[in-house]
Amino acid sequence: MKRLFISLYLLISLSILGIGWTLDNIWQNNVEDSGAMDAPLIALAQLLGKLPEQERLDYLKQIDHSPNYPLELVDSSQIALSDHSALTDNSVLITTVSDHFELHFIKVNNQILVAGPIEIDPRARLRKLFTLLFYLSLGLIALIWVWPLSRDLKTLRNATQEFGQAKWDTQIKLSSRSQVLPLATTFNEMAKQISSLIESQKHLSNAVSHEIRTPLARLKFALALMPQYCQPDSDEQRRTEFLEEMKLDVKEMENLLQELLTYASLESQQKEVNLEHCDLTALTLQTIKRLSSQSTPPIHFKKGAQPAYIIGDPSLIERAIQNLITNAQRFAQDAIDIKIEQNKQLVTLSVTNDGPGIPEEDQAKIFEPFYRSKSVQNGNKGHGLGLAIIKRIMERHQGEVELISSEEKTSFILTWPNPK
């Protein structure tokens, strides 16, 4: 990163210096006009040229000479120039006497008007100093711009190196004025998503190994006992019960695998969502009818005066409602209340059971995949994926799921944007 900073800084600084130097030379050689500076001397030469030779010296003596600009009129034979033809009466010929002085020549008929020696641009050194300060200032400005950029790029490089070392919680913190803040924000979002996927994969591996191990062990034990129950003199009723228990173990593993596949498809966002107008009231009634039974607490459904419609995938919406009702049936004691409400902005569906409340320490994690509260009562337990699936479904529909729990009751509330 230091090499990048040095190369970038040198590129900007040398580019500014080169462009400035080139433009300055072009200006001095092609644009800067010295005619305005030579005009007084040309006018004086033309004025002297109209006078007789014997009067020119007297006229020149009458002029108030500046000590920094001496004037002298001499015969052309007294001046040794390499090229006399360069002398004219309308242009000034300049020759350098030393590093700091020069002479100006202009023709006056058969005579030559000489000005000097004249100090060569007494402000040249000062101009060079200001030019140097100008370029140093530009270099400082370039440094002020390049250094934070180089520092932030170094931070990005270090973060990617840490992320490559399996530090999945790596996040980049940059100033809000940073020029690479959008890149850092994108990296943070990517890191969060990858971290979440890796964490889900870990939970998935743990859940599969733990949840399938128990029914699989029971099946292996049952298979070992199978010859005993298949004897001609074995009890037929016990054999039937034995086979039913094996079927239950197989069904338990099937349900777990189905839940895992559903969650994986929602988590990876590979499942396409077929959005359409859904009658939420009809979907809820259909799900209640399918899940209601005499062995579970009764379900009381309170619907609005008008049918509630939302934009979504009917199969996913029905799955979310099913998971909520199934969850409520595990914990409800006397009844389950379902209510649909709507206003101009939102459509909500709440499922409330009167079972034991969810502890506060579990409420923040209840929607995480494979998370199950340690305070599970009445032998009720699931795979820890039902509520996580609901959350993913609601995210797919730009909706939300909310939990409200107390000692007397627990409510799960689904919220969608109202399409009206």
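S350 is buried in this predicted model, its relative accessible area coming to just 13%. The residue sits in strand β9, which covers residues 346-353. Setting aside neighbours within four places in sequence, S350 makes contact with D337, I338, K339, F412 and I413. One of those partners, K339, turns up again in a salt bridge, where its side chain meets that of E341 at 3.8 Å, N to O. Neither end of this pair is buried: K339 is partly exposed at 31% relative accessible area, and E341 is likewise partly exposed, at 44%.

Stepping back to the whole chain, the secondary structure adds up to 11 helices and 11 strands. Of the 420 residues, 34% count as buried. The chain exposes about 27000 Å², with carbon and sulfur atoms supplying 55% of that area. As for contacts with a separation of 6 or more, 64% of them come from residues 24 or more positions apart.

Salt bridges come next. The structure holds 5 of them, and the K339 and E341 pair is one. In general, side chains of opposite charge can pair when their charged atoms come close. Another bridge joins E318 and R290, with an N to O distance of 2.9 Å. E318 belongs to helix α9 (residues 314-331) and R290 to helix α8 (residues 280-291), so this bridge ties together parts lying 28 residues apart in sequence. The two ends see rather unlike surroundings, since E318 is buried at 15% relative accessibility, whereas R290 is partly exposed at 43%.

Helix α9 also houses Q329. Here too the residue is buried, with Q329 at 16% relative accessibility. Once residues up to four places away in sequence are left out, Q329 touches L291, T296, I299 and I336. L291, one of these partners, is the residue at which helix α8 ends, given its range of 280-291.

Moving on to helix α7, the side chains of K247 and E244 meet in a salt bridge of 3.8 Å, N to O. These two residues are 3 apart within the helix, so about one helical turn separates them. K247 is exposed, at 53% relative accessibility, while E244 is partly exposed, at 40%. The same stretch of chain contributes to a negative surface patch, formed by D235, E236, E241 and E245. Of these, E245 is found in helix α7, which runs over residues 236-267.

R213 provides a further link to this part of the sequence. R213 lies in helix α6, spanning residues 213-229, and counts as exposed, with 53% relative accessibility. Its C-alpha is 9.5 Å from that of M253, although the two residues are 40 apart in sequence.

A patch of another character appears further towards the N terminus. L129, F130, L132, L133 and L136 make up a nonpolar surface patch of about 500 Å². L129 is found in helix α4, residues 124-164. At 45% relative accessibility, L129 counts as partly exposed.

Finally, a couple of backbone details are worth a look. Most residues other than glycine have a negative phi. A166 goes the other way, with a positive phi near 70°. This alanine lies in the loop between α4 and α5, the latter covering 181-211, and A166 is partly exposed, at 42% relative accessible area. Q398 also has a positive phi, in this case near 55°. Its loop runs between α11 (386-396) and β10 (400-405). Q398 is exposed, with a relative accessibility of 62%.

How values were computed
Residues numbered from 1 in each chain as written. Predicted model: local features only at pLDDT ≥ 70, side-chain atom pairs only at ≥ 80, totals over all residues. Heavy atoms only, no water. Patch = residues over 30% accessible without salt bridge, like charges linked within 9 Å, V, L, I, M, F, W, Y side chains within 5 Å. Areas by Shrake-Rupley, 256 points an atom, 1.4 Å probe, with all protein chains shown as cover. Salt bridge = Lys/Arg side-chain N within 4 Å of Asp/Glu carboxyl O. Lys, Arg positive; Asp, Glu negative; His and termini not counted. Charge placed at Lys NZ, Arg CZ, Asp CG, Glu CD. Helix = DSSP H or I, 4+ residues; strand = E, 2+ residues; numbered from the N terminus. Buried < 20%, exposed > 50% of the residue type's maximum accessible area, 1.4 Å probe, protein only. Contact = heavy atoms within 4.5 Å.
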